[in-house]
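Here's a quick briefing on a ligand site and an enclosed space. Have a look at the structure, then read on.

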Amino acid sequence: MMIPVVEAIQIVRDNVPRLERERVPLIHVLGRFLAQDIVADSDLPPFDRSQMDGYAVKSSDTQPAPVRLRIVGESAAGKGWHQEIHEGEAVRIMTGAPVPPGADSVQQVELTHELKDNTVVELLESVQVGKSIVRRATEITAGEVVLRSGVKINPAMLAVLASFGYAEVEVIRRPRVAVIATGSELVSVDQRPGQDQIRDSNNFSIGAYAERAGAVVDRLPLTGDEIEELKTTISKASEAADVIVTSGGVSMGVYDFTKAALKELGAELFFEKVALRPGKPSVFARLPNGTLVFGLPGNPVSVSVTFNLFARTAVLAMQGASEPVLKTETGVLVKPVKSSADRDTYLPSQLTTNDDGQVVVFPLKWGGSSDFVAFARATALAIIPAGSKVDSDALVKFVRLE
Ligand code: AMP
Ligand code: MG
């Protein structure tokens, strides 16, 4: 039975377990998915902090300006001045330093000059209460959740984790993905294809997409169209892998053995046909030991589309990602396109913007699901619903490729 794309994606989400957590040193968590909420262990700023180099003063002392105040101390970052300041006094202060008690404003150094052997400062302009001070806890209050479980850790988040003392972070273990290219015509990249042979390219694109999604990838030897060989490779791979991604051998040909091999190994097949172009014969299954299998079609473009829709979702959901599915956006189509009658079409496209600032979706000229050279220029897939056509200048949904 052929099922809609959205249903297939939901089936994937429903059947993917979340993997175990592990504690990882902060320097190694970039790109990983948080498995804990991150809580601030201190206020931010932790004290009333000066935003400027200048003088901490009582603002009431600065009216009318100019005015001369006695310099009673200095507050530097890391070495503050913690005595109360009184009427007629000022404390020389640096950016990032604590504002002394009694001061309610900082006048920036550009509007001042020092006199009398640096014991007196003249403020050329008066300063308002609160000026150039970031009050304690105005950004974050201790105990607040600052990052939620399920986010992918980016460089800015490393700063957040470091600030609140997370030398180690709980993340989800990276899924182990085994990649198996099947087809008796395949030779490896370092070989010159003989008669009727081609070089395997799918193992490279699949492996790279899987790594992008956070997986640790194991590329298995090329496997011919021979059911026993296929069974052996798959069952060996399943010993270590959380997910196996095969390509090829899922169509209706006499030598398409992937599904048969999975069935003989006792796998449960969740779906084997999706209303999708390219990528109709996509298989999602689970082996008796729990290893998930994506049997993707062999055509390199179908591989890229189906990996990103289905296998990517699984790899991300296993890591507890809060958004495992490619996000659908809307843009303006530049040329009219037609879908297939009964399948959603995912058209390789490029994105630009027009003068109105709208995203423009430009479907690539391509020769079908084997044209992987054209596909390499795609940055998005335009989604044309089954049985519909979209006119140029009409809005169209798309997903971005990473
Ligand atoms: P299949 O799904 O096995 O019928 O393969 C469909 C098409 O994709 C055929 O033209 C295959 O030669 C090609 N193909 C299959 N596997 C690969 C691969 N690993 N790398 C490049 N092309 C492939
Ligand atoms: Mg084949």
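What follows covers the ligand, its surroundings and the largest cavity.

This is a predicted model, where local features need pLDDT of at least 70, side-chain atom pairs count only at pLDDT 80 or more, and totals for chains, interfaces and linings use all residues. Residues are numbered from 1 along each chain as its sequence is written, chains are lettered from A and ligands numbered from 1 in the order written, and side-chain values use heavy atoms, with hydrogens and water left out.

**Around ligand 1**
- Ligand 1 has 17 residues around it, with E185, D200, S201, G249 and G298 the closest (near means a heavy atom within 4 Å).
- That shell breaks down into five nonpolar, nine polar and three charged residues (Ala, Val, Leu, Ile, Met, Phe, Trp, Tyr, Cys and Pro count as nonpolar, Asp, Glu, Lys and Arg as charged, the others, Gly among them, as polar).

**Polar contacts** (N or O pairs within 3.5 Å)
- The side chain of E185 puts an N or O atom 2.5 Å from an oxygen atom of ligand 1.
- A polar backbone atom of G249 is 2.9 Å from a ligand 1 oxygen, and a backbone N or O atom of N299 lies 3.3 Å from an oxygen of ligand 1.
- On its own, ligand 1 exposes 480 Å², and the protein buries 77% of that (Shrake-Rupley method, 1.4 Å probe).

**The largest cavity**
- Its lining is Y209, R212, A213, N308, R312 and E402 (on a 1 Å grid over the protein atoms alone, a 1.4 Å probe fits in a cavity but cannot get out; lining residues have an atom within 4 Å of a point).
- By class, the lining has two nonpolar, one polar and three charged residues.

Terms used: Polar contact = N/O pair within 3.5 Å; in protein donor to acceptor, adjacent residues only side chain to side chain. 1 Å grid on protein atoms, 1.4 Å probe; cavity = no way out; pocket = protein on both sides within 12 Å on 5 of 7 lines; lining within 4 Å.
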